[in-house]
Amino acid sequence: MSQGDQSSPKDGKTAEAPADVRNVGRAYHQKRNVRIIMDSTADFATGVAERLGVEVIPFSYVDADGVEHQDDRWQEQDPHEFYEHMRKNPDARFHTAAVTPGRYFEVFERAAQEGLPTIYMGLPAGLSSSIDSARQAAQMIRERYPDFELYVLDRRCDSAAGQLLAIEVVRQASLGLTAEELYEWARDARYFIHGYFTLDSFDTLAAGGRIPPAAANVGGKLDIKPELSYDLNGALSLRGMCRGRKKALRAIVQDFRENYAHDTSLPVGIVSTDAQKDADWLEAQIRKEKGCEDLTIIHSTVSPILGAHVGPGMVALVFWGKDRREKISLTDRIARKVKKGARGPEEG
């Protein structure tokens, strides 16, 4: 079952969410024992967050003309027009900003006044300082509302991988887990979500200072396409370099084969920055894998927030798989245990 989503309807109507999301959403609203908050960089497909009852905090960005916009998840802007503008104006620069502690405080205080235990799962610290702002606001809320349960979690996975985490957190909530139990569940579960993607070019990453301009220039001349992922902190991680787009896409499929959990009850996500042809190709290849013919595959579009940094033509596959922590070295494992012992639970 494929669920396409490239833009939100501009007539105010909400598109239909996947069947499994609708079912989980109904159960969640019946229980309603915890509030779940995400941010707009989770790149929800149309209707999914609403069906799940997940509150979404919008990031903001400033366009090349200096006009500030809130990320409304494509309610008022067509994603093709946004990314086509980037294609036609390669020198145009978009600037994104972290959510401020004050904005988080407003959202968390409203939740505290309603009294429902709350979990916020935010963009990784490896990509943004926003999660630190959320922790600052959470501490202020705890001081003002000492009896209110509030948990802040760095989700350690990017883009629509956050959507997959939200869907399963909501499912666990529908089964009766408390806010504290959900927080502990998500702290472990976030490491089982994989994401692999490729870019059309290095230009936008170079413009943002994430790679040297010389490397971008060489990559373009040789038609080198990267395969990327994210590390245990949610920061970008280069997995390999491929000669040509198709080889990079095939590398993504190979990583799916090697790491997929083979649990067809869990949806898979495909997300892109106006690269639907390649997104459809990825879906077709995934469905050729044994047992994957009837997978729920949710298509969505990358928000302007992350899209401004990767540029048009990015396509990614996100799915539940092996524990990503198993690939770290012995010395890193020891270091993580030391850090964990010195870390408070609110640090996530």
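In this predicted model, Asp158 touches Pro124, Leu127, Tyr230 and Gly234, once residues up to four places away in sequence are set aside. Asp158 itself sits in the loop that runs between β8 (150-154) and α6 (161-174). Although Asp158 is buried, this residue has no salt bridge, and the nearest side chain of opposite charge, that of Arg155, is 6.1 Å away. A salt bridge would require a side-chain nitrogen of Lys or Arg within 4 Å of a carboxyl oxygen, so the 6.1 Å to Arg155 does not qualify.

Tyr230, one of the residues that Asp158 touches, is also in contact with Ile193, whose other contacts beyond four places in sequence include Cys157, Ala161, Leu164, Leu165, Phe319, Trp320 and Arg324. Ile193 leads on to the nonpolar interior, being among the residues with the most contacts inside the largest nonpolar core, alongside Phe44, Val48, Tyr104, Phe108, Tyr120 and Met121. That core has 76 residues, and α6 gives the most to it, with 8 residues. Apart from this core lies another, of 18 residues, among them Val253, Ala275, Ala279 and Ile297. In soluble globular proteins, nonpolar side chains tend to be buried together.

Helix α5, which spans residues 130-144, has 15 residues and reaches 21 Å from its first C-alpha to its last, close to the 21 Å expected at 1.5 Å a residue. Its buried residues are Ser130, Ile131, Ser133, Ala134, Ala137, Ala138 and Ile141. Because these residues cover an arc of only 150° around the axis, they are on the same side of α5. What covers them includes α4 (101-114), β7 (118-122) and β8.

The same helix also carries a charged pair, since Asp132 and Arg135 both lie in α5, 3 residues apart, about one turn of the helix. Asp132 forms a salt bridge with Arg135, with the closest N and O atoms 3.4 Å apart. Asp132 counts as partly exposed because its relative accessibility is 38%, and Arg135, at 22%, counts as partly exposed too. An α-helix has 3.6 residues a turn, so residues three or four places apart point the same way.

A search of the whole structure finds 21 salt bridges, and another of them joins two residues of helix α11 (residues 276-287), namely Arg287 and Glu283, which are 4 residues apart, about one turn of the helix. Their side chains meet at 2.9 Å, N to O. Here Arg287 is buried, with a relative accessible area of 18%, and Glu283, at 10% relative accessibility, counts as buried as well.

Which parts of the chain does the pair of Arg239 and Glu227 link? Arg239 forms a salt bridge with Glu227, the closest N and O atoms being 3.9 Å apart, and this pair links distant parts of the chain, with Arg239 in strand β11 (residues 236-243) and Glu227 in strand β10 (residues 224-230), 12 residues apart. Arg239 is partly exposed, with a relative accessible area of 40%, whereas Glu227 counts as buried, at 5% relative accessibility. Salt bridges also connect Arg35, Glu55, Arg110 and Glu114 in a network. Side chains of opposite charge can pair when their charged atoms come close.

Technical notes
Residues are numbered from 1 along each chain as its sequence is written. This is a predicted model: local features need pLDDT of at least 70, side-chain atom pairs count only at pLDDT 80 or more; totals for chains, interfaces and linings use all residues. Side-chain values use heavy atoms; hydrogens and water are left out. Buried means under 20% relative accessible area, exposed over 50%, partly exposed in between (1.4 Å probe, protein chains only). Lys and Arg count as positive and Asp and Glu as negative; His and the chain ends are not counted. Contact means heavy atoms within 4.5 Å. A nonpolar core is a set of buried Ala, Val, Leu, Ile, Met, Phe, Trp, Tyr and Cys residues joined through side-chain atoms within 4.5 Å. The expected span of a helix is 1.5 Å times one less than its number of residues. The arc is that of the directions from the helix axis to the C-beta atoms.
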